[in-house]
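Q: I've got a model open on my screen and I'd like to learn how to read it. Where do we start?

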Amino acid sequence: MQNKINIALPKGRLGEKVYDIFEKIGYGCPAIHEGGRKLIFENEENGVRYFWVKPSDVAVYVERGAADIGVVGKDILLEQSSDVYELLDLGMGKCRMAVAGVKGERPDFAHTLRVATKFPNIAREYYRKQSREIDIIKLHGSIEIAPILKMSDVIVDIVETGTTLKENNLEVLEEIVPISARLIANKASYKFNTQRIRQMCDKIAVICEKND
Ligand code: PRP
């Protein structure tokens with residue numbers, strides 16, 4: 001009997017879409033459809049166990065080996081510098097990391113730039129490359145409010161449809177990096193289960209290409 005593959009899925013819409021893909025490639029776990037508040041689901045027959053975790057925690061579970069594989073946004077991988085293998089770009093959850101500010105206003109280059117963000121490491125790295133001095137204001141959500149209230153000059157945040165920016169009179173000033181969901185693997189797990197993980201990955205790639 002081969003050991004189980006533990007899969008960390010991000011709670012929410014993306015995770016549900018990703019689970020559907022795992023089901024399509026033969027790794028379904030019927031109990032998962034029962035709803036409720038249960039967080040761990042196992043299917044002895046096909047040797048998989050799923051965990052629903054907070055999206056920003058997926059890479060932690062995978063890096064520490066509690067999960068063998070997982071699906072996580074590239075934004076989180078970049079922010080956390082996770083020591084995991086990135087196996088596949090699923091082409092889902094597409095958005096971009098961008099600098100945005102109040103429409104029509106340009107930040108003053110003479111002063112330290114005040115940057116409000118949920119992604120301090122991405123912001124720091126981006127401005128380090130430009131040798132620009134910044135003051136990070138770490139927030140946990142509703143980042144768009146910061147420049148409106150003049151607490152920050154700009155924000156570094158995810159832009160998906162652009163609606164949040166538009167409805168708050170903000171605009172993209174610079175694009176930092178495109179973001180999408182990635183399949184990741186724990187390094188040791190990948191070494192010991194290369195064949196099974198690769199097989200899963202290849203089958204997922206076929207489905208994602210079809211959906212593209
Ligand atoms: C994210 C992001 C933006 C918004 C962008 O926030 O931080 O605020 O989505 O999406 P849009 O371009 O389609 O409008 P999220 O919904 O995660 O909420 P938060 O403000 O609590 O972080």
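A: Let's begin with polar contacts: a polar contact is a pair of N or O atoms within 3.5 Å. Keep in mind that this is a predicted model.

Q: Which backbone does an oxygen atom of the ligand approach at 2.8 Å?
A: That's glutamate 160, where a polar backbone atom sits 2.8 Å from a ligand oxygen.

Q: And which side chains come in with an N or O atom?
A: Lysine 118 has a side-chain N or O atom 2.3 Å from an oxygen of the ligand. For glutamate 144, the side-chain N or O atom is 2.6 Å from a ligand oxygen.

Q: How much of the ligand does the protein bury?
A: On its own the ligand exposes 500 Å², and the protein buries 65% of that.

Q: Which other residues should I pick out around the ligand?
A: Among them are Gly141, Ser142, Asp157 and the run from Ile158 through Val159 to Thr161.

Q: Now the protein interior. What do nonpolar side chains tend to do?
A: In soluble globular proteins, they tend to be buried together. Here, the largest nonpolar core has 32 residues, and Phe22, Tyr50, Leu90 and Leu183 have the most contacts inside it. Elements that each supply at least two of its residues include strands S1 (5–10) and S11 (181–185), along with helices H1 (13–24) and H8 (194–211). H8 gives the most, with 7 residues.

Q: What does leucine 183 touch?
A: Leaving out residues up to four places away in sequence, its contacts include Phe22, Ile69, Val71, Leu90, Cys201 and Ile204.

Q: How many residues does the second core have?
A: That separate core has 14 residues, including Val99, Leu113, Ala123 and Ile134.

Definitions and conventions
Residues are numbered from 1 along each chain as its sequence is written. This is a predicted model: local features need pLDDT of at least 70, side-chain atom pairs count only at pLDDT 80 or more; totals for chains, interfaces and linings use all residues. Side-chain values use heavy atoms; hydrogens and water are left out. A nonpolar core is a set of buried Ala, Val, Leu, Ile, Met, Phe, Trp, Tyr and Cys residues joined through side-chain atoms within 4.5 Å. Buried means under 20% relative accessible area, exposed over 50%, partly exposed in between (1.4 Å probe, protein chains only). Helices (H or I, at least four residues) and strands (E, at least two) are DSSP runs, numbered from the N terminus. Contact means heavy atoms within 4.5 Å. A residue is near a molecule or strand if one of its heavy atoms lies within 4 Å of it. A polar contact is a pair of N or O atoms within 3.5 Å; within protein, one must be able to donate a hydrogen and the other to accept it, and residues adjacent in sequence count only if both atoms are side-chain atoms. Accessible areas come from the Shrake-Rupley method with a 1.4 Å probe; for residues, only the protein chains shown count as cover.
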